[in-house]
2 protein chains.
Amino acid sequence: MVILNVDLASEIPIYQQLRDQIVEAIADGVLTKGSSLPATRTLAADFGINFHTVNKAYDLLRQQGLIQLNRKTGAVVTSTVADPPLPAEWTARARTLLAEAVARGLPADEVLKTCRSVLDSFGTTPPEDTP
Amino acid sequence: MVILNVDLASEIPIYQQLRDQIVEAIADGVLTKGSSLPATRTLAADFGINFHTVNKAYDLLRQQGLIQLNRKTGAVVTSTVADPPLPAEWTARARTLLAEAVARGLPADEVLKTCRSVLDSFGTTPPEDTP
DNA sequence: ATATTTGTTCTATAACTTATAGAACAAAGG
DNA sequence: CCTTTGTTCTATAAGTTATAGAACAAATAT
């Protein structure tokens, strides 16, 4: 299973950390269509957190169409979103993030280069063996 | 003064909305070095919010080196950050945001194109007349 | 020197969010 | 039928957000 971790000292809520890491694992190709995620109770036990917290992360991912939740068989990565336009909310967050860099004085080209580096880093992690 | 607005129904905390909008105005060139921001009490009165809330937004901006707060003369946009490397936190947020797009199935080139569009949109808003 | 304006600090309350907790239910596979 | 998994309900506690009042201090204008 892909390595997830939880930083209890982080300002980012735990459920958000889990969701973020799973999204990044999908983008990385580490998790692909059909990959299973650990059960909510298992992951909770692993991290010493509550399974409701894990469930909240999974439910976010389900709402975003990235995973499917089934009783007994558990959480599974879906195929990529069939019609994946970026929501307006995504663009708003991108605008804020990029504005922060530009407001700091970085040239737009350099910001774009950083984004390209991040995008290029996806897919370099070997996918896990799906059982 | 640059148009700020507050959406009380938003999930984004009020102080964060104000901070985000000011950052974007700086990136846009609408606010430049030396531009004044409204006083905390003035902005609070304009929006029917508490001046402590506005102060929290201004304090974030001050911590990020984007504005300077002076008693009596108020908040002023500083020159761009002298040595503006992007903090690791910025890159982490970029990674999460970009991962969301890629996880949805968008090709990296298309995501990059969207980022470029956003970056290109900065600076197209005419700067305000600084009094 | 005083008044005014602005940010800053302190204390306090209320509502909401996050995380936890327990219990139970329901679906599904072995 | 048992086990495993997600789902739902109710509840509490701690932290965050926003508000509120009051006061202080710095700085400018008069």
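Trainee: How many residues surround DNA strand D?

Mentor: In this predicted model, the closest residues come from two chains, with A:Thr40 on one side of the list and B:Ile14, B:Tyr15, B:His52 and B:Thr53 on the other. To be near, a residue needs a heavy atom within 4 Å of the strand. The number of residues that surround DNA strand D is 25.

Trainee: What share of the atoms of DNA strand D within 4 Å of the protein belongs to sugar or phosphate?

Mentor: The atoms within 4 Å of the protein are split between bases on one hand and sugar or phosphate on the other. A phosphate oxygen, for instance, is 2.7 Å from an N or O atom in the side chain of A:Thr40. A backbone N or O atom of B:Ile14 lies 2.2 Å from a phosphate oxygen of DNA strand D. The share of sugar or phosphate is 60%.

Trainee: Which residue has a polar side-chain atom 2.7 Å from a base nitrogen of DNA strand D?

Mentor: A polar contact is a pair of N or O atoms within 3.5 Å. At 2.7 Å from a base nitrogen, the side-chain atom in question meets that cut-off. The residue is A:Arg41.

Trainee: Which element gives the largest share of the surface near DNA strand C?

Mentor: The closest residues to DNA strand C include A:His52 and A:Thr53. A polar side-chain atom of A:Thr53 lies 2.6 Å from a phosphate oxygen of this strand. Among the elements that give two or more residues are helix H1 (14-28) and helix H3 (51-63) of chain A. The largest share, four residues, comes from H3(A).

Conventions:
Residues are numbered from 1 along each chain as its sequence is written. Chains are lettered from A and ligands numbered from 1 in the order in which they are written. This is a predicted model: local features need pLDDT of at least 70, side-chain atom pairs count only at pLDDT 80 or more; totals for chains, interfaces and linings use all residues. Side-chain values use heavy atoms; hydrogens and water are left out. A polar contact is a pair of N or O atoms within 3.5 Å; within protein, one must be able to donate a hydrogen and the other to accept it, and residues adjacent in sequence count only if both atoms are side-chain atoms.
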